[in-house]
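Subject: Structure for your review

Dear colleague,

I am handing over the structure we spoke about, and I would be grateful if you could look through it alongside the notes that follow.

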Amino acid sequence: MGCCSGRCTLIFICTLQLVLALERQVFDFLGYQWAPILANFFHIIIVILGLFGTIQYRPRYIVVYTVWAALWVAWNIFIICFYLDVGGLSKDSDVLTFNISAHHSWWSEHGPGCVRAEMPQASGVRATEYITVMGCFMDYQYIEVMHSGTQILVALLGFVYACYVVSAMTEEEDSFDFIGGFDPFPLYHVNEKPSHLLLKPMHLST
């Protein structure tokens with residue numbers, strides 16, 4: 001397959017997915033979002049596996065990547081529904097932190113233009129309590145939805161091109177199997193001496 005083939009396109013898509021996944025992992029760590037952190041971790045591993053399979057012509061690895069791409073789309077649809085409060089889900093719940101902490105998305109307090117209003121808990125105490133966040137150019141849930149939407153778009157492209165690459169590799173393997181398959185002559189044979197050399201007459205001297 002040439003450089004402009006679907007294989008090279010899939011390599012580019014996997015590389016882009018790694019960059020996007022690492023960026024998302026950083027902000028999920030900052031927000032202590034444990035469920036997305038685990039999902040991103042598995043996503044990075046599978047994308048690296050798919051990238052390796054594409055470079056090394058390993059269709060089985062690409063098949064694993066294809067299955068994960070479908071699951072990754074489903075996960076990001078869940079994240080969109082979570083932040084948009086769809087289907088009984090609530091962005092104010094602690095589902096993404098496994099109910100072990102009350103942390104929320106990092107973007108809820110550090111979004112573009114956001115200003116946090118603080119009030120000291122007590123005199124002489126350094127700890128502060130955040131009361132409200134004001135002046136945000138965009139609500140944090142829409143930032144998370146944009147992240148998930150981008151992940152879905154790239155994953156769908158990866159799914160399509162992975163299916164194409166697996167199909168192309170399978171066809172190439174099948175074509176190689178037929179080479180020499182119907183050859184009536186063996187691939188390896190021993191060169192035998194012509195029979196007329198064995199029947200060469202002998203002249204006796206008188």
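**What was found**

Of the 206 residues that make up the protein chain, 32% count as buried. Please keep in mind throughout that this is a predicted model. The protein chain exposes about 13700 Å², and carbon and sulfur atoms supply 68% of that area.

As for the fold, the protein chain holds six helices and two strands, and, read from the N terminus, these elements follow the order α-α-α-α-β-β-α-α. When one takes the contacts in the protein chain between residues at least 6 apart in sequence, 63% of them join residues at least 24 apart.

Helix 3, which covers residues 59-83, allows a simple check of geometry: its 25 residues, at 1.5 Å a residue, should span 36 Å, and because its end C-alpha atoms are 36 Å apart, the expected and the modelled values agree. Just after helix 3, D85 takes a positive phi of about 60°.

You may also want to look at the largest pocket, which contains about 180 Å³ of space. Its lining is formed by L30, G31, Y32, A102, H103, H104, S105, W106, S108, E109 and H110. Helix 4 (residues 107-110) gives the largest share of that lining, with three residues, and, sorted by class, the lining of the largest pocket has four nonpolar, six polar and one charged residues.

With best regards

Key
Residues are numbered from 1 along each chain as its sequence is written. This is a predicted model: local features need pLDDT of at least 70, side-chain atom pairs count only at pLDDT 80 or more; totals for chains, interfaces and linings use all residues. Side-chain values use heavy atoms; hydrogens and water are left out. Helices (H or I, at least four residues) and strands (E, at least two) are DSSP runs, numbered from the N terminus. Buried means under 20% relative accessible area, exposed over 50%, partly exposed in between (1.4 Å probe, protein chains only). Contact means heavy atoms within 4.5 Å. Accessible areas come from the Shrake-Rupley method with a 1.4 Å probe; for residues, only the protein chains shown count as cover. The expected span of a helix is 1.5 Å times one less than its number of residues. On a 1 Å grid over the protein atoms alone, a cavity is a set of points where a 1.4 Å probe fits but cannot get out, and a pocket is an open set with protein on both sides within 12 Å along at least five of seven lines; lining residues have an atom within 4 Å of a point. Grid points are joined across faces, edges and corners, and a volume is the space filled by probe spheres set on the points. Ala, Val, Leu, Ile, Met, Phe, Trp, Tyr, Cys and Pro count as nonpolar, Asp, Glu, Lys and Arg as charged, and the others, Gly among them, as polar.
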